[in-house]
Amino acid sequence: MSKLLIVGTVAFDAIETPFGKTDKILGGAATYIGLSASQFNVKSAIVSVVGEDFPQEHMDLLTNHGIDIQGLEIVKGGKTFFWSGKYHNDLNTRDTLDTQLNVLADFNPVVPEDFKDSEIVMLGNLHPLVQLSVLEQVTNPKLVVLDTMNFWMDNALEDLKKVISKVDVITINDEEARQLTEEHSLVRAARKIEKMGPKYVVIKKGEHGALLFHKDQIFFAPALPLEEVFDPTGAGDTFAGGFTGYLAQSEDISFENMKNAVIYGSSLASFCVEKFGTERMESLKHPELESRLQEFQSLTQFDIELTPTKTL
Ligand code: AMP
């Protein structure tokens, strides 16, 4: 069974959407990635840090989903990373109200011995220097995928560029791709990012789907049109967990197979947004994922018979 190493925040989030508000619930990039990847037949582990305020029930939730947490450091007397955000009415854009790094500020990640040879490394959102340190500890991964966000572009751009130059795939949202490259066109932005290092670029466009770029090839997957979107928090990380979980399980990192990985990532993200926080991902069962994949298939499949040009 392939191993998937996940690094990212394990956090407390306070979220406000047009439908309601939560106070300090479980969140964090690595949490969402791990829960999403738990839908696949892979051995996954999280490398992250929390404070003493992080409850045992959240740890149990991760282990009950088959996620190895040897690499989740608990800092005595420390406080867990906290993020708070408020979504606009379109649910595609949000304002970060507060980011408290807390224990993340002095975090030195330690990759567990038996995950140093992981086939796939998912560098989820956190400080680029932590992502770099994890990369230095692994031996010869087949694929390294990076996710990041505007916060690190604003606060640690040079370090972020160093990580970008070392990864195979980057997943990034449309606004962040524009910020990173100063290009409005996403096609141009993807080309520029490829020049920075990654051979594959995934640009996530929220409810407008996701694009996969590789050299002169482009693949597009829509997002499933949902009746209700409750809370988009974690959708990007859930996408990344589905993308890497599927690639690890199928042991095939070709461009053709990455298209399927994008579809898996999009399907999983469509569940994540149905409830607040991690709630929907906690209860998700594999048959539900399979029937949603079928919905994806019928949403995008068509069979046009090309007719000769009409002559007048
Ligand atoms: P997403 O909606 O996919 O961008 O992910 C939201 C998750 O990212 C939340 O659960 C937050 O805890 C986490 N998060 C927010 N800001 C940061 C940051 N600067 N670095 C790492 N993780 C973050």
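## The ligand and its shell

Helix H8 gives the most to the shell around the ligand, with 3 residues, in what is a predicted model. H8 spans residues 235-250, and it is joined by strand S2 (11-17) and helix H4 (150-155) as elements that each supply at least two residues of this shell. By class, the residues around the ligand divide into 10 nonpolar, 7 polar and 3 charged. Of the 20 residues in the shell, those that come nearest to the ligand are Asp13, Gly28, Arg94, Gly234 and Asp237.

Several of the ligand's approaches to the protein run through its oxygen atoms. In the side chain of Asp13, an N or O atom is 2.4 Å from an oxygen atom of the ligand, while at Gly234 it is a backbone N or O atom that lies 2.7 Å from a ligand oxygen. The backbone of Gly236 also takes part, with a polar atom 3.2 Å from an oxygen atom of the ligand. The ligand on its own has 510 Å² of accessible area, and the protein covers 94% of it.

## Thr171 in strand S12

Thr171 belongs to strand S12, which runs over residues 169-173. Is this residue buried or exposed? Thr171 is buried, because its relative accessible area is 0%, and the cut-off for a buried residue is under 20%.

The side chain of Thr171 makes a polar contact, at 2.8 Å, with the side chain of Asp147. Once residues up to four places away in sequence are set aside, Thr171 touches Val145, Leu146, Asp147 and Thr148, and also Val202, Lys204 and Phe239.

## Two nonpolar cores

The largest nonpolar core holds 58 residues, of which Val169, Leu212, Phe243, Leu247, Met258 and Val262 touch the most other members. Helix H9 (residues 255-272) gives the most to this core, with 10 residues. For Met258, the contacts that remain after leaving aside neighbours within four places in sequence are Leu143, Val169, Tyr200, Leu212, Phe243, Leu247 and Ile253. Apart from this core lies another, of 44 residues, which includes Ile15, Val103, Val167 and Ile170.

Helix H9 is also the place of Ser266. Ser266 is counted as buried because its relative accessible area is 9%. Beyond its neighbours within four places in sequence, Ser266 is in contact with Ala221, Pro222, Phe239 and Phe296.

## Helix H3 and its cover

Why can helix H3 be described as largely enclosed by the rest of the structure? The helix takes in residues 128-137, and 7 of its 10 residues are buried, so the rest of the structure largely encloses it. The buried residues are Pro128, Val130, Gln131, Leu132, Ser133, Val134 and Leu135. Their cover includes the strands S1 (3-7), S5 (43-51), S10 and S11 (143-147), together with the helices H4 and H5 (157-164). Helix H4, one of these covering elements, also supplies at least two residues of the shell around the ligand.

Leu132 is found in H3, and it counts as buried because its relative accessibility is 7%. Not counting residues up to four places away in sequence, Leu132 touches Asp159, Lys162, Val163 and Lys166. Lys24, by comparison, is 108 residues from Leu132 along the chain, and the C-alpha atoms of these two residues are separated by 29 Å.

## Positive phi at two loop residues

Leu91 has a phi near 65°, which is a positive value in a residue other than glycine. This leucine sits in the loop between strand S8 (82-87) and strand S9 (94-100). Leu91 is classed as buried because its relative accessible area is 13%.

Asn102 likewise is not a glycine and has a positive phi, of about 45°. The residue is found in the loop between S9 and strand S10 (120-123). Is Asn102 buried or partly exposed? Asn102 counts as partly exposed because its relative accessibility is 26%, and the partly exposed class lies between the 20% and 50% limits.

Definitions and conventions
Residues are numbered from 1 along each chain as its sequence is written. This is a predicted model: local features need pLDDT of at least 70, side-chain atom pairs count only at pLDDT 80 or more; totals for chains, interfaces and linings use all residues. Side-chain values use heavy atoms; hydrogens and water are left out. Helices (H or I, at least four residues) and strands (E, at least two) are DSSP runs, numbered from the N terminus. Buried means under 20% relative accessible area, exposed over 50%, partly exposed in between (1.4 Å probe, protein chains only). A polar contact is a pair of N or O atoms within 3.5 Å; within protein, one must be able to donate a hydrogen and the other to accept it, and residues adjacent in sequence count only if both atoms are side-chain atoms. Contact means heavy atoms within 4.5 Å. A residue is near a molecule or strand if one of its heavy atoms lies within 4 Å of it. Accessible areas come from the Shrake-Rupley method with a 1.4 Å probe; for residues, only the protein chains shown count as cover. Ala, Val, Leu, Ile, Met, Phe, Trp, Tyr, Cys and Pro count as nonpolar, Asp, Glu, Lys and Arg as charged, and the others, Gly among them, as polar. A nonpolar core is a set of buried Ala, Val, Leu, Ile, Met, Phe, Trp, Tyr and Cys residues joined through side-chain atoms within 4.5 Å.
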